[in-house]
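Visitor: Could you take me through a single part of this protein in some detail? I'd like a close look rather than a tour.

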Amino acid sequence: MKRVLTILFLSISCISQTAYSQKGQKKLSDYVNPNIGTAHSRWFFYTPAAVPFGLAKLGPSTNAHLGNKDGWEATGYDDRDTSIEGFACLHEFQVGGIVLAPSVGKLQTVPGSLENPDEGYRSRFDRKDEYATSGYYSVLLKDYNVKAELTATKRVGFQRYTFPKSAASHIIFDIGNRQGESGAAKDAKVTITDDGRIEGYVITNPEYVKKYQEGAEVAMYFSAVLDKKPKDYGVFKKLEVIAGNKEMNGVGSGVYLTFDTKENEAITVKIGLSYTSIANARLNLESEAKNTDFNTAKKNALSTWNQSLGRITVEGKNETDKIKFYTGLYHALLGRGLASDVNGAYPMNNGRVGQIPQNADGTSKYNCYNTDAIWGGFWNLTQLWALAYPEYYADWVQGQLLVYKDAGWLGDGIANSKYVSGVGTNFTGLAIASAYNCGIRNFDVALAYEASLKNEITWKDRIEGAGKMDLKQFVERGYSPHIDNIGFNTISDGSGFSASHTLEYSYSSFAVAQFAKSLGKTEDYEQLIKLSKGWKLLYNPDVKFICPKDADGKFIDKFDPSQPWRGFQEGNAWQYTFYVPHDVEELVETLGKDTFNDRLETIFEASQKNVFGGGTKIDAFAGLSGFYNHGNQPNLHISWLFNFSGKPCLTQKWVHAICDEFYGTEGIHGYGYGQDEDQGQLGAWYVMSSIGLFDVKGLTEINPSFQISSPLFDKVTIKLPKSLNRKDFVIEVVNNSKENVYLQKASLNNKEIKDLKIDFKDITKGGVIKMAVDAKPSQKWSN
């Protein structure tokens, strides 16, 4: 039985954020609380020790070795758990591994169970002994009286363990096992080199890779150095331990190091990480952290986060809103991280190593990234990137084009450049078109257009990883025919999600049509704009819903607008009928303005009783049968639709309500109750909506604009580095409070705003929007 020590533990990691801020002016990182929403969260969600868009993403695990059945379920860290099994260095969509763990006493080489921590090397912990913010994490492992601390550079993880006095202090590298969304381990190797490094790799087979690119795999490499030599060492494979050996191969492989430690002696491990080779993992370590100690790395990580978070500063009296805002912004900047090395090497789709072109100073011209699918990301992430992180948006496009050049098709989601669509559609062309429309064009525009057009209209030899396997039907018929009894599958003849696919393809066709028009591709434009009207073929005037149609052009029988998964992916007809973001004005006309507004308002009134999602049920899909489900992507835009139907005061009302009620600041109530945050999407939605700027059309128009609502804050300042050539943009709100949510007047640079929108290009020019709000709706913009 492990001995639980009761030694008093006092450290900065235990100091509350309030006490910490008393030392000086509160930093933006002090508002970031990564533990919000960690009950039932995804693998990539909880990685406090990372830098924005970094490759190294470190965090504690409570249940990561269990993996998940289908590759998307909650796994990794759960706020309700009471023991930690180790600290993984890589947390990404379908990517995870390189685990370290300290212990004292009997050497153990398996993590053990949550039900009985004494079965393995895991340790109990208390929340009061845990501290997390953007860039740093610490916790007291009670069973060993070891303080664990984590931080990172872009490609290097730092783990520091402060041990008690012991002749049996251990650090293990548990490498060859499943971690979170990684899928099953296929192979692994760990080696203690002659110069004392710990190096190796693990190769995994993620569930989404198995589905969308059968036969492909994901490899992760590492090279680690410690600042103390062990007195003993050995290797293990699961429970098999071989003392004195320096190498182990195969699934379950690991290394252990044993030390004599003095009381409160700290041992630091620096872990270089790579998706291409051990040599590049070593190079990443040498380039980014050769002479960097833990405290310096921590200081640099916090500084980097404060600079990145500081591109949007919010001011106001409500501290809770600031916590939600900066935690949401943190998640938006955390996900979709680097996949390329410091020398520009990157993992190609075919398993080989590619090379990104280099600048004269030896830096890469751009980077490659891992990324979850962009499904729904145009109502949050891409808008935020365009507004405040345009250089990342350009890099993201470049990374997607690398996959296109290597494999011939755009991928919606990519892991190690392998296709991991996840939903079987593909919005990458839309996101590329949006970047171009926003003036982000420092990529190969001709190649980007070629890839985007192919994504919208080409079905011949289309591969599963590119999604849209029913595209032939959409291009030839204008809609995807519904096929019952094929489950979640999409085939060339149609889909079980035929209606939602038709709506999605219509929208992405519109986006790429604008790209075509901008480039003078008239014939392409005419074809795409015609396809963008496909949604009208599925509108059933008898019930006033979008309804699936079969191959004979008949609406399906036994139609139930509340039924998910029949014609609609992760949603239902109540939710998806409003999925016409590119043609909102015509949708309002089609439904009739009164019907449109009455239905939409009724939806929100009913949904408010269920916290705008699945109520308090902890489940990612809890709200799929409801009228509105903020915990998922398909209708994240609809609270903003009143701006198009003559009742903008209702957008102001319901956006505020969602921000205040769906979003929380607790482990269980964070992003709804156990809802699917999807690498920053729900966080980015809060950021955009809380500052009063949002585009229903996802910035897909040639001259894109944001709709305007009332911010939650008294003042918002968007300030980008001078190198990005953007002027400062400020929003000032007079009379702001929780009750005063309704806009009374608004002006831009002292000129009255007559329509509640602002061109994107005007924001980039800089200026000041001044707003006045009150507790009663204004009829000024209503009609």
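Which residues does UniProt list for "domain: Glycosyl hydrolase family 92 N-terminal"?

Guide: Happy to, with the reminder that this is a predicted model. UniProt, in an unreviewed entry, lists residues 31-274 for that domain. Over that stretch the chain is 48% strand and 2% helix, and its end C-alpha atoms sit 31 Å apart.

Let's zoom in on Glu 85. You'll find Glu 85 in the loop between strand E2 (83-84) and strand E3 (86-92). Is Glu 85 buried or exposed? Its relative accessibility is 3%, so Glu 85 counts as buried, the cut-off being under 20%. As for polar partners, the Glu 85 side chain reaches the backbone nitrogen of Ala 64 at 3.1 Å. Ala 64 also turns up among the contacts of Glu 85 once neighbours within four places in sequence are set aside. That list has Ser 61, Thr 62, Asn 63 and His 65 as well, and then Ala 101, Pro 111, Tyr 121 and Arg 122.

Now for Ser 123, which belongs to strand E5 (residues 123-124). With a relative accessible area of 1%, Ser 123 is buried too. Here again a side chain pairs with a backbone nitrogen: a polar atom of the Ser 123 side chain lies 3.3 Å from the backbone nitrogen of Lys 142. So if you're setting the two sites side by side, Glu 85 is a buried loop residue with its side chain at Ala 64, and Ser 123 is a buried strand residue with its side chain at Lys 142.

Notes
Residues numbered from 1 in each chain as written. Predicted model: local features only at pLDDT ≥ 70, side-chain atom pairs only at ≥ 80, totals over all residues. Heavy atoms only, no water. UniProt positions renumbered as here; feature names shortened; annotations may be inferred. Helix = DSSP H or I, 4+ residues; strand = E, 2+ residues; numbered from the N terminus. Buried < 20%, exposed > 50% of the residue type's maximum accessible area, 1.4 Å probe, protein only. Polar contact = N/O pair within 3.5 Å; in protein donor to acceptor, adjacent residues only side chain to side chain. Contact = heavy atoms within 4.5 Å.
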